[in-house]
Amino acid sequence: MKSKKLLKLLLNEAGIGVIFLVLCASFALFVPNFASMNNISNIFTQISINTVISTGMTFVILLGGIDLSVGSVLALCTILAGKVLTAASLPLPIAIAGAIAVSILCGMLCGLFNGFVSEKWRVHSFVVTLGMLNVARGAALQISGSRTIFSFPKAFNDFGTLSAAGVPAIFILAVLGVVLGHLALRRTVFGRMIYAIGNNEEAVRLCGHNTRVYKIWAFILCGGMVGIAAIMYMLRLNIASPILGAGFELSAIAAVVIGGTSMSGGKGSLIGTLIGAAIIGVLNNGLLLLGMKDFSRQIVTGLIIVGAVVLDTYRVRLSRMLS
């Protein structure tokens, strides 16, 4: 009986973590320099942005929705923040604070549009966010004149290079976002309503709750996280470009799904999302060190993502059989 409970606990809470550890151990054994401190720090930096975007995406997918516009919205946020940051007339502290505020506000407004249109006219979020994908990308190109903005103030760039014991500051910020999001999901009424609506929206509505408000706020939260990720991207690469973020939506969705969140909503966790983002980052880094070319890495990464999702499906079935 005890062994059955232990197996169920491993399947429910540690399954994706075991996959992550096996992946890391395999690369550490067979890939030179994979386990070096410099490379580990590099992986932390690489997964930070996807982790932040995936955190917001988790809230939307837990409701049974999806946001395909996060990559384009990130590009728009960087352009607007870059314009504020390089405005010659603004004092430096105001320029930095203004850039951060504008980026987050832009993301939240895009999220508000996605959530409001989706709920007001009952259009699936797949269609609405697909439209926003094009609107945001077009706006970024129009505002920037299709040009890249660079040469940000040194004080802004310096923060992007900060680290503590080899751990980059932007990764610490990403983990802090995951922890706060986890607490919001597990310890607040808002979080419990997200799970409840994802499981059975009609039942929640019949109990007298306004489910539309919670769903719109989930999209706003997702957009706000994209705005934060845009600032992190600028800190890391020192540029703002209208072509940034292409394909980011797929990476974020993959991290959420690999982390165990159900695409139909109601089941999942941000800890799983963090591990899912780490699996994608480790996989890309390890294959790169093996000398694999870009298109080959995409093929292998795609196949392993599909395999991880299939394994997770069997894990869920086995867990139910043990119940």
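This dialogue walks through helix α10, its neighbours and two unusual backbone positions in a predicted model.

User: I have the model open. What kind of model is it, and where does helix α10 sit in the sequence?

Analyst: Welcome! The model is predicted. Helix α10 covers residues 248–258, and we can use that helix as our way in.

User: How many residues of α10 are buried?

Analyst: For burial, we look at the relative accessible area of each residue, and under 20% counts as buried. In α10, eight of the eleven residues are buried, so the helix is largely enclosed by the rest of the structure. The buried ones are Glu-249, Ala-252, Ile-253, Ala-254, Ala-255, Val-256, Val-257 and Ile-258.

User: Could we take one of them? Why does Ile-253 count as buried?

Analyst: Ile-253 has 12% relative accessibility, and the cut-off is under 20%, so Ile-253 counts as buried. This residue belongs to α10. Setting aside neighbours within four places in sequence, Ile-253 has contacts with Met-57, Ile-66, Leu-68 and Met-263. Met-57 is a nice example of how the fold brings sequence positions together: the two residues are 196 residues apart in sequence, yet their C-alpha atoms are 7.1 Å apart.

User: Now the start of the helix. Which residues is Phe-248 in contact with?

Analyst: Phe-248, also in α10, is in contact with Ile-49, Ile-53, Val-70, Gly-71, Leu-74 and Tyr-233, once neighbours within four places in sequence are left aside. With Ile-53, the C-alpha separation is 8.4 Å across 195 residues of chain.

User: Ile-53 again. Which residues does Ile-53 touch?

Analyst: Not counting residues up to four places away in sequence, Ile-53 touches Val-70, Leu-74, Val-226, Ala-229, Phe-248 and Ala-252. Its role becomes clearer when we turn to the nonpolar cores.

User: How many residues are in the largest nonpolar core, and which have the most contacts inside it?

Analyst: To read a core, look for buried nonpolar side chains that are joined through their atoms. The largest one here has 47 residues, and Ile-53, Leu-74 and Phe-156 have the most contacts inside it. At least two core residues come from each of α2, α3, α4, α5, α7, α9 and α10. The largest share, eleven residues, is supplied by α9. Apart from this core lies another of 19 residues, with Ile-16, Phe-27, Ala-254 and Ala-277 among them.

User: How do I read helix packing? At what angle do α10 and α11 pack?

Analyst: Start with the angle between the two axes and how far apart those axes are. For α10 and α11 (residues 270–289), the angle is about 120° and the axes are 7 Å apart. That makes α10 oblique to α11. The crossing is right-handed. On the α10 side, Ser-251, Ala-254, Ala-255, Val-256 and Ile-258 take part, meeting Gly-272, Thr-273, Gly-276, Ala-277, Ile-279 and Ile-280 of α11. By class, this contact has seven nonpolar, four polar and no charged residues.

User: I also noticed Asn-50. Is this residue buried or exposed?

Analyst: Asn-50 counts as buried, at 12% relative accessibility. It is a residue of helix α2. Beyond neighbours within four places in sequence, Asn-50 is in contact with Ser-251, Ala-252, Ala-255, Ala-277 and Ile-280.

User: For another helix pair, how do α3 and α9 pack?

Analyst: Read this pair in the same steps. Their angle is about 55° and their axes are 8 Å apart. That makes α3 oblique to α9, and the crossing is right-handed. Contact residues include Leu-74, Cys-77 and Leu-85 of α3 with Val-226, Ala-229 and Tyr-233 of α9. By class, there are 13 nonpolar, three polar and no charged residues.

User: Last topic: backbone angles. Which residues have a positive phi although they are not glycine?

Analyst: Most residues other than glycine have a negative phi. Two cases to look at are Ser-151 and Asn-238, each with a positive phi of about 60°. Ser-151 is in the loop between β1 and α6, and is exposed, with a relative accessible area of 53%. Asn-238 lies in the loop between α9 and β4, and counts as partly exposed at 26%. As for glycine, Gly-260 follows α10 and has a positive phi near 100°.

How values were computed: Residues are numbered from 1 along each chain as its sequence is written. This is a predicted model: local features need pLDDT of at least 70, side-chain atom pairs count only at pLDDT 80 or more; totals for chains, interfaces and linings use all residues. Side-chain values use heavy atoms; hydrogens and water are left out. Axes are lines fitted to C-alpha atoms, for helices over the stretch in contact, and angles run from 0 to 180 degrees between N-to-C directions. Helices (H or I, at least four residues) and strands (E, at least two) are DSSP runs, numbered from the N terminus. Angles under 35 degrees count as roughly parallel, over 145 as roughly antiparallel, 65 to 115 as roughly perpendicular and the rest as oblique. A crossing is left-handed if the near helix is turned anticlockwise from the far one by less than a right angle, and right-handed if clockwise. Contact means heavy atoms within 4.5 Å. Ala, Val, Leu, Ile, Met, Phe, Trp, Tyr, Cys and Pro count as nonpolar, Asp, Glu, Lys and Arg as charged, and the others, Gly among them, as polar. A nonpolar core is a set of buried Ala, Val, Leu, Ile, Met, Phe, Trp, Tyr and Cys residues joined through side-chain atoms within 4.5 Å. Buried means under 20% relative accessible area, exposed over 50%, partly exposed in between (1.4 Å probe, protein chains only).
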